[in-house]
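Biologist: Got a minute to go through this one with me? Pull it up and let's start with the side chains.

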Amino acid sequence: MIVIDPALAADFAPIRDNGEELLWAGKPHYVPFLASGIPILVFGTLWGCFDLFFLTAAHAGNIHGATGFIYPFLALHSFPAWGSVLYLIWLALSYKNTAYTITNRRIILRSGVWAPNFQSFDFDKIAEVDVTIGPIEKLIGCGTVRVNTGRTNAKGMTVFESMVAIDAPYDVYKLLKETTVNIKTDWNYPNKLRPAENPGYTTEYKPQP
C-alpha cells in the first residue's frame, strides 16, 4: 500500500479537481536531482573552453580593430557555457518547489524558483513510459521515470517529462502503466458497454507459420 506524505499532498491542493485522488506523490533526492544537470554542465564547459581558446588565439595574433566584434560575439556564442551554469543554479533553487504526483486523472509535475509552477498531463497523452537509473541514483537507491506525452523539440525529437531521482522508481513505473491502461480502457470501453464475458481477452496469439 502506498502511503502519501500529507505535506506532499498539500503541495498539490491548489490545482486538484473535486474528487481527484492522489495515487502516489514523491519528491526527488537532492544530490541526484542536482546531478541531472551535470551532462549539460560538461557540454557547456567544453564549449566554453573552445571559446576561451579562440579568444586567447585572437589576442595572441594581435588582431587589431576586432576587439569590438570579438567580445560581443563570444558573449552570445558562449551561451551554452554560461547557460549551463545558470541551469545548475536553477535546479538548486527550484528543488524546494519540486514534487511529482500521479492522480486518478493525470500526472502533475510541480517546480519553480520563485513560486510553484504546475504542469499536468492527462493519461490519454501518454504514449510511452520508461525507467532510467544513473550512477548517482543507483548509489542512493532511486531512479527517474520518464514519460512521453507526445511533445517534440524544434528538431522533431521526443521531449520526455521526467520524475527525477524518486524512490521506488519501478513501483511508480508499474503504477503509472497500470493506471494509464485502466483509464484508457474506461474511456474507450465504458463499464456498461462491456460484456459479462470477453473470450478474446485471454486469446493466445498464434502467428502464421
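Modeller: Sure, and keep in mind that this is a predicted model. A good place to start is arginine 146, whose charged end sits over the ring of phenylalanine 160, 3.9 Å from its centre.

Biologist: Which ring does the charged end of lysine 27 sit over?

Modeller: Here the charged end lies 4.6 Å from the ring centre. The ring belongs to tyrosine 95.

Biologist: And is tyrosine 95 buried or exposed?

Modeller: Buried means under 20% relative accessible area. This residue comes out at 18%, so tyrosine 95 is buried.

Biologist: How do the rings of tyrosine 30 and tyrosine 95 pair up, stacked or edge-to-face?

Modeller: Four aromatic pairs are counted here. In this one the centres are 5.0 Å apart, with 85 degrees between the planes. Planes over 60 degrees apart count as edge-to-face, so the tyrosine 30 and tyrosine 95 pair is edge-to-face.

Biologist: How many residues apart are those two?

Modeller: Tyrosine 30 is in helix α2 (residues 30-35), while tyrosine 95 is in the loop between α5 (79-94) and β2. The pair links distant parts of the chain, 65 residues apart.

Biologist: What about tyrosine 87 and tryptophan 90, stacked or edge-to-face?

Modeller: Both lie in helix α5, three residues apart, about one turn of the helix. Their centres are 6.2 Å apart and the planes differ by 10 degrees. Planes under 30 degrees apart count as stacked, so this pair is stacked.

Notes
Residues numbered from 1 in each chain as written. Predicted model: local features only at pLDDT ≥ 70, side-chain atom pairs only at ≥ 80, totals over all residues. Heavy atoms only, no water. Phe/Tyr/Trp six-rings, centres within 6.5 Å; stacked < 30°, edge-to-face > 60°. Helix = DSSP H or I, 4+ residues; strand = E, 2+ residues; numbered from the N terminus. Buried < 20%, exposed > 50% of the residue type's maximum accessible area, 1.4 Å probe, protein only. Lys NZ or Arg CZ within 6 Å of the ring centre and 35° of its normal.
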